[in-house]
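Hi everyone, thanks for coming. I'd like to walk you through one structure today, so please have a look at the screen while I talk.

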Amino acid sequence: LDSLKGKLSENYKTDASSISIAKKYYKIPNEEKIFGVFNYKVFGNCKEGIAVGSRGLYFRLFGKVGKVLWQELAQYKISIAAGKVILERPGGKIELFAFKQTDAENIYFILSQMK
């Protein structure tokens, strides 16, 4: 993931405070190692976004909390459309909304690399 840092927007944070907020609001297990967080400032707070961890990708977007474990990625078809990354598999679909097109592209890139 270090090689991706040049591609990531200014929304990408690796500081302890951002990671702590993500762990609390995205319901990430304490023992999970988080490499970085796309924090989105919505309605004045940073409780929404996407976190990249050692075991998977975690998110809280528009109040919806979820995760995609890296070993599950092989089951998904990944596509990108108008500011969101879409993960589809039989029986379900996850839409990861980004607030900027560049962030959607970066999230798509990360998921494609981890697949």
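Before we start, one definition: when I say helix, I mean a DSSP run of H or I with at least four residues, and a strand is a run of E with at least two, both numbered from the N terminus. Keep in mind, too, that this is a predicted model.

Let's begin with helix α1, which covers residues 16–25. Just past the end of α1 comes Lys27, with a positive phi of about 55°. Lys27 is not a glycine, and yet its phi is positive. Its place is the loop that links α1 to β2. Is Lys27 buried or exposed? Lys27 is exposed, with a relative accessible area of 65%; the cut-off for calling a residue exposed is over 50%.

Now back into the helix itself. Which residues of α1 are buried? They are Ser18, Ile19, Ala22 and Lys23. Looking down the axis of α1, you find these buried residues within an arc of 135°, so they line one face of the helix. Turn to the other side of α1 and you meet Ala16 and Lys24, which are exposed. And what covers the buried residues? The cover includes β1 at 12–13, β2 at 34–42 and β3 at 45–53.

Those strands bring us to the sheet. It is an open sheet of 5 strands, in the order β1-β2-β3-β4-β5, and the pairing is antiparallel. At the edges sit β1 and β5, the latter being residues 64–69, and each of them pairs on one side only. As a quick reminder, strands of a sheet pair through backbone hydrogen bonds, either parallel or antiparallel. Between β2 and β3, the antiparallel pairing runs over 7 bridges. If you'd like one pair to find on the screen, take Asn39, whose bridge partner in β3 is Gly49.

Next, let's move along the chain to a hairpin. It is formed by β6 and β7, with 2 residues between them. Here β6 is 77–81 and β7 is 84–89. How many bridges join β6 and β7? There are 5, and the strands pair in the antiparallel sense. One example is Ile80, which has Val85 as its bridge partner in β7.

The turn of this hairpin holds Ala82, another residue with a positive phi, here about 40°. Like the lysine we met earlier, Ala82 is a residue other than glycine. Ala82 counts as exposed, at 79% relative accessibility.

Follow β7 onwards and you come to Pro90, in the loop between β7 and β8. Pro90 is exposed, with a relative accessible area of 79%. For a sense of distance, the C-alpha atoms of Pro90 and Ile78 are separated by 13 Å, and the two residues are 12 apart along the chain.

My last stop is on the surface. Three phenylalanines, Phe62, Phe97 and Phe99, make a nonpolar patch of about 300 Å². Where does Phe99 sit? You'll find Phe99 in the loop between β8, residues 92–97, and α2, residues 101–114. Phe99 is partly exposed, with a relative accessible area of 40%.

So, to take away: α1 has a buried face, the 5 strands of the sheet pair in the antiparallel sense, and Phe62, Phe97 and Phe99 share a patch on the surface. Thanks for listening, and I'm happy to take questions!

How values were computed. Residues numbered from 1 in each chain as written. Predicted model: local features only at pLDDT ≥ 70, side-chain atom pairs only at ≥ 80, totals over all residues. Heavy atoms only, no water. Buried < 20%, exposed > 50% of the residue type's maximum accessible area, 1.4 Å probe, protein only. Arc of directions from axis to C-beta. Contact = heavy atoms within 4.5 Å. Patch = residues over 30% accessible without salt bridge, like charges linked within 9 Å, V, L, I, M, F, W, Y side chains within 5 Å. Areas by Shrake-Rupley, 256 points an atom, 1.4 Å probe, with all protein chains shown as cover. Salt bridge = Lys/Arg side-chain N within 4 Å of Asp/Glu carboxyl O. Pairing = 2+ DSSP bridges.
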